[in-house]
Structures are given as structure tokens and as C-alpha cells.
Amino acid sequence: MNIPRTLSYISADGREYLAPGADAARPGVLDIVDQTMLPGVVKRLHLSTPDEVFEAIKQLRVRGAPAIGCAAAVGLAVCAMRFTSSSPAEHLANIKKCAAFLDSSRPTAVNLSWALKRCVGAVSAADIAGMNQQLLDEALAITAEDISLCAAIGKAGATLLKSGMGVLTHCNAGALATAGIGTALAPIYTAMEQGIKVKVFSDETRPLLQGARLTAWELGVAGVDVTTICDSMAAQVMREGKVGIVIVGADRVAANGDTANKIGTYQLAVAAKYHNIPFYVALPFSTVDRSIANGSQIPIEQRKGEEIFHCAEAKVYNPAFDVTPRELITGFITERGVLSEI
Ligand code: MRU
């Protein structure tokens with residue numbers, strides 16, 4: 001695939017890592033592609049401070065549930081390498097403080113807190129150098145795992161696709177949203193490798209246009225047949241018989257299967273049900289939050305009104321995610337296969 005890598009760790013000597021093996025003794029940087037500039041400009045950013053990593057996640061320079069988990073993990077490791085702690089106890093306190101700060105950057109995708117908790121939990125060394133190495137190793141283990149989870153999701157989901165089938169997707173749950181080939185888009189890439197060519201409809205995804213700017217671009221670059229539609233056109237395109245399956249990603253799935261994903265997903269599920277079109281959620285198990293019983297407890301990020309076009313006379317309501325009830329979901333495409341229950 002000809003898509004720029006979403007993120008990596010770059011060591012002090014300029015080597016790129018997506019798996020453990022890097023030496024934490026000399027501080028490296030978190031490398032991301034700035035997704036706010038896509039598709040026009042492919043600009044890479046090198047981040048190394050808590051404020052820089054926080055801002056990049058908050059402003060969606062790096063975005064998508066698995067990608068923000070990986071970015072926060074590598075970000076925590078590179079920040080820790082620069083702390084001027086005077087003792088191992090103080091270093092651990094600084095790591096925990098930084099993890100809590102990064103975790104507060106976005107509330108909905110559980111992968112963020114999941115990855116940070118995992119990294120902090122991996123720290124057990126008695127000395128600062130050892131702690132930094134453990135943090136970096138864990139962050140890169142999470143990144144490497146994400147790459148293989150995406151591949152497994154792709155393999156499982158490709159079994160649902162047939163040549164010529166119309167696939168509707170929302171937001172961007174592709175390579176740009178993960179360290180690997182994506183979640184919702186992974187079955188499309190895997191099917192293509194098997195000679196199965198589908199026709200993708202990519203919802204524009206208002207207000208920040210992840211579908212029009214990112215999904216359409218990454219699929220187009222990869223040679224997939226992709227058509228952009230406005231969010232408001234989805235039901236009509238379904239009625240015209242152009243959609244055989246809907247596949248979306250997820251930011252957090254509650255224990256009962258209720259699924260938070262980009263705002264607009266819920267209405268797609270309602271329309272798909274009405275038109276008898278299967279509606280699948282693709283996700284790694286790291287996106288499942290068993291600590292909450294159902295979707296009503298999933299925190300929904302509220303974003304600034306400026307993101308939505310409005311006149312001065314109008315107020316703005318801008319929730320970034322919605323929750324699709326379990327009963328509207330046909331199944332879950334996961335690294336463990338296509339499941340009817342999560
Ligand atoms: O606000 P975003 O762009 O981070 O929202 C992303 C989504 O809603 C994705 O569908 C989800 O995170 C899954 S990414 C594999």
C-alpha cells in the first residue's frame with residue numbers, strides 16, 4: 001500500500017521502529033503524519049513533550065481509536081526519556097502524571113486509556129534507565145500487536161465480501177487510524193489481495209470530513225474503487241440497491257455490544273436495518289470496555305462549535321460520537337473472527 005505510515009518511533013540515530021528493539025538510552029521522538037493536513041499535504045511531525053503529544057491527539061493530528069492508543073504509548077515513552085527526575089520514585093510519579101494528562105486528551109476511544117494503563121503497568125525496574133526501556137518496549141509491543149490485529153481483522157472480514165459488492169463505511173477506520181491496515185477498511189484491502197474487488201461508498205463524515213479527506217484518499221491511493229457521498233445521502237444510496245454491507249469502526253464497545261463510533265454511525269445502522277443490509281462493526285478486542293454495562297455509560301466527546309459551519313444567530317451542538325445499540329449490529333469483525341456476540 002502506498003499510504004504514509006500513521007506513526008512510528010524514531011530513535012536518536014534516525015531509525016524507525018514499529019516493534020520492540022529500540023534502545024531507550026538516547027531520547028527519540030514520536031513520529032506522526034499530521035492528518036489535519038491530508039489529503040493535500042503529507043507533513044510529518046516529531047513530538048517529544050507532553051504538551052505536543054496531548055495537542056496532536058486533541059486536535060486529531062493523530063486520530064482513530066487504535067492509532068491514538070499507540071501514539072499515546074510511544075508519546076509517554078519519549079516524554080519519560082526527557083524527564084529530569086531525581087530518583088526512581090519521582091520518575092514513576094512523573095510517568096503516572098504524564099499518562100493521566102495524555103489520557104485526558106480525548107474521552108471516548110477506550111484504546112487511549114487502555115494503552116496508557118498497559119504502559120504504566122509494565123514499569124517495574126528499580127532504576128530510571130530500566131523504566132524508560134520498559135515503557136518503550138511496551139509501547140512498541142502495543143504498536144506491533146496492532147499491526148497484526150489489523151491483519152487478522154482483515155482476514156476475518158474479507159470472508160463477508162464478494163466481487164462487485166457495495167461497501168458503505170463512515171469516518172476513517174483505515175490504515176490512517178491504526179498502526180496497520182485498519183479495522184473497517186482491513187477486510188477491503190485483504191479482499192483486494194485475494195482478487196475480490198468491492199465498490200466502496202465513503203460517507204463525507206461531517207464536520208471534520210474524515211471520510212472525504214482520509215478514507216477516500218487512502219482507498220484511492222491503494223487502488224480501491226471509492227465514491228464519496230454526503231452523510232445525508234446514505235439512506236438513498238441504500239434504497240438504490242448500491243450497498244451490500246456496511247462496515248464501520250468503533251471507539252468503545254460496552255459489555256452488551258452497544259458501540260460508540262463517529263457521529264452519524266447510529267443513523268447508518270437505523271437505515272441499514274430498514275433496508276435489510278448487514279451492519280458490521282470491525283474492531284480489536286482492545287476497544288471493548290467490559291467495565292461498563294451498556295452504551296449509556298460511554299463518555300461522548302463534545303467538540304467546539306467552530307468545527308461546524310453556523311451563522312452567528314445559531315447555537316451549535318457538536319457531539320463527536322454516537323452509540324449504536326447492539327440490536328442494530330449484525331456482527332463484530334475481530335481478530336478472533338466474525339462474532340455475533342462480543
Ligand atoms: O474523531 P476520530 O476521527 O478519532 O474518530 C474515529 C472513529 O470514529 C473511528 O471510526 C474509530 O476510532 C475506529 S478507527 C479504527
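Which elements each supply at least two residues of the lining of the second largest cavity? They are α2, α4 (110-121) and α5 (128-158). Keep in mind, as we look around, that this is a predicted model.

**The cavities**

Let us start with the whole structure, where a search finds four cavities of 30 Å³ or more. The table sets out the two largest of them.

| Cavity | Volume | Nonpolar lining residues | Polar lining residues | Charged lining residues |
|---|---|---|---|---|
| Largest cavity | about 210 Å³ | 11 nonpolar | eight polar | four charged |
| Second largest cavity | about 80 Å³ | six nonpolar | three polar | three charged |

The largest cavity has 23 residues in its lining, and those nearest its centre are Gly 64, Ala 65, Asn 172, Asp 251 and Asn 261. Two elements give two or more residues to this lining, namely α2 (65-80) and β10 (259-262). If you colour your view by domain, you can follow how the lining draws on both: domain 1 (7-150) and domain 2 (155-339) each contribute at least three residues.

Now back to the second largest cavity, from the opening question. Which element gives the largest share of its lining? That is α5, with four residues. The residues around this cavity include Pro 66, Gly 69 and Cys 70, along with Asn 111, Trp 114 and Arg 118. Also in the lining are Ile 142, Glu 145, Asp 146 and Leu 149, and the list is completed by Pro 284 and Ser 286. Helix α2 is worth a second look here, since it gives two or more residues to the lining of the largest cavity and at least two to that of the second largest.

**The sheet beside β10**

Strand β10 also leads us to a sheet. Four strands make up this open sheet, in the order β12-β9-β10-β13, with mixed pairing. Why is one side of β12 (288-289) and of β13 (321-324) left without a neighbour in the sheet? Both strands stand at the edges and each has a single partner strand, so one side of each stays unpaired in the sheet.

In general, the strands of a sheet pair through backbone hydrogen bonds, in either a parallel or an antiparallel way. For β10 and β13 the sense is antiparallel, and their pairing extends over four bridges. Within this pairing, Asn 261 stands opposite Asp 322 in β13. Asn 261 is a residue we have already met, as one of those nearest the centre of the largest cavity.

Finally, look for helix α9 (residues 265-274), which lies across β10 and β13. Its direction makes an angle of about 35 degrees with β13.

How values were computed:
Residues numbered from 1 in each chain as written. Predicted model: local features only at pLDDT ≥ 70, side-chain atom pairs only at ≥ 80, totals over all residues. Heavy atoms only, no water. 1 Å grid on protein atoms, 1.4 Å probe; cavity = no way out; pocket = protein on both sides within 12 Å on 5 of 7 lines; lining within 4 Å. Points joined across faces, edges and corners; volume = space filled by probe spheres on them. Nonpolar A, V, L, I, M, F, W, Y, C, P; charged D, E, K, R; others polar. Domains from an automatic or database assignment. Pairing = 2+ DSSP bridges. Contact = heavy atoms within 4.5 Å. Axes fitted to C-alpha atoms, helices over the stretch in contact; angles between N-to-C directions.
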